[in-house]
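Please open the model in a viewer and set the display to cartoon, with side chains available on selection. The stops below say what to select next and what is there.

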Amino acid sequence: MMMKQTPRARNQLKRIVRMNWVAPDAEEYEKSWLLLADVYIQSGKYDMATELLKKCLQHNKSCCKAYEYMGFIMEKEQSYKDASTNYEHAWKFSNKSSPTIGYKLAFNYMKARRYVDAIDICHLVLADNPNYPRMRKDILDKARNSLRA
């Protein structure tokens, strides 16, 4: 994929997906599933990506990236409650240290009308990254105004 040969990479990844899972190669399988899910997401095949991500989570319940991709898919389908649930897991398994996941979680909380939770996440992200772009204006201020209304 680094050489812009996505179809060729996709075909190789499909071969790996069809192989039987064995414990010594677990990390490579997980990477392959995530890469192929990313390819499917980029091409809009969310159902196929979801299937791979569920397979990944079946073998590794703490896979932060899989939860992040699941949240992204749910967000694209405008299911903000489900997206926030997946981003919650990603946030938890990233040790609440990823500002990108924190932003997405707060955004989906706001869209799901969970304004207090959105504000709490904003405070956590801004405590570690005070200059995180658009967090204060896009989410924190809007969530506060929505609470007042």
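Select T50 first; this residue lies in helix α3, which covers residues 46–59. The model is a predicted one, and every value given on this tour is to be read accordingly. Is T50 buried or exposed? T50 is buried, because its relative accessible area of 13% falls under the 20% limit. Now show the surroundings of T50: leaving aside neighbours within four places in sequence, T50 is in contact with M70 and I73. To follow one of these pairs, draw a distance between the C-alpha atoms of T50 and M70; the two residues are 20 positions apart along the chain, and the separation is 6.7 Å.

Next, move to Y67, whose place is in helix α4, residues 64–76. Y67 counts as buried, with 11% relative accessibility. Which residues does Y67 touch, not counting those up to four places away in sequence? The list consists of L57, K61, N86, H89, A90 and F93. Of these, display N86, H89, A90 and F93 together with helix α5, which spans residues 80–93, to view this part of the surroundings of Y67. For a distance across the model, select D138 as well: Y67 and D138 are 71 residues apart along the chain, and their C-alpha atoms are separated by 23 Å.

Remain with helix α5, residues 80–93, and select D82, which lies in it. D82 is partly exposed, at a relative accessible area of 38%. Since membership of a surface patch requires over 30% relative accessible area, the 38% of D82 satisfies that condition. Add D47, E51 and E77 to the selection; with D82 they form a negative surface patch.

The next two stops are in loops and concern backbone geometry. Select R113, found in the loop between α6 (99–111) and α7 (115–128). R113 counts as exposed, with 65% relative accessibility. What is the phi of R113? The angle is near 65 degrees, a positive value in a residue other than glycine. Most residues other than glycine have a negative phi.

Then select R134, in the loop between α7 and α8, the latter covering residues 135–148. R134 also has a positive phi, of about 65 degrees, although it is not a glycine. R134 is exposed, because its relative accessible area of 52% is over the 50% limit.

Finally, zoom out to the protein chain as a whole. How many helices and strands are there in the protein chain? There are eight helices and zero strands, and the pattern read along the sequence is α-α-α-α-α-α-α-α. The C-alpha trace spans about 55 × 30 × 25 Å along its principal axes. Colour the chain by accessibility: of its 149 residues, 39% count as buried. Switching to a surface display shows an accessible surface of about 9,200 Å², of which 50% belongs to carbon and sulfur atoms. Among contacts with a separation of 6 or more, 44% come from residues 24 or more positions apart. As a last selection, colour the charged side chains: 26 are positive and 17 negative, and the centres of the two sets lie 4 Å apart.

Definitions and conventions: Residues numbered from 1 in each chain as written. Predicted model: local features only at pLDDT ≥ 70, side-chain atom pairs only at ≥ 80, totals over all residues. Heavy atoms only, no water. Patch = residues over 30% accessible without salt bridge, like charges linked within 9 Å, V, L, I, M, F, W, Y side chains within 5 Å. Areas by Shrake-Rupley, 256 points an atom, 1.4 Å probe, with all protein chains shown as cover. Salt bridge = Lys/Arg side-chain N within 4 Å of Asp/Glu carboxyl O. Lys, Arg positive; Asp, Glu negative; His and termini not counted. Charge placed at Lys NZ, Arg CZ, Asp CG, Glu CD. Helix = DSSP H or I, 4+ residues; strand = E, 2+ residues; numbered from the N terminus. Buried < 20%, exposed > 50% of the residue type's maximum accessible area, 1.4 Å probe, protein only. Contact = heavy atoms within 4.5 Å.
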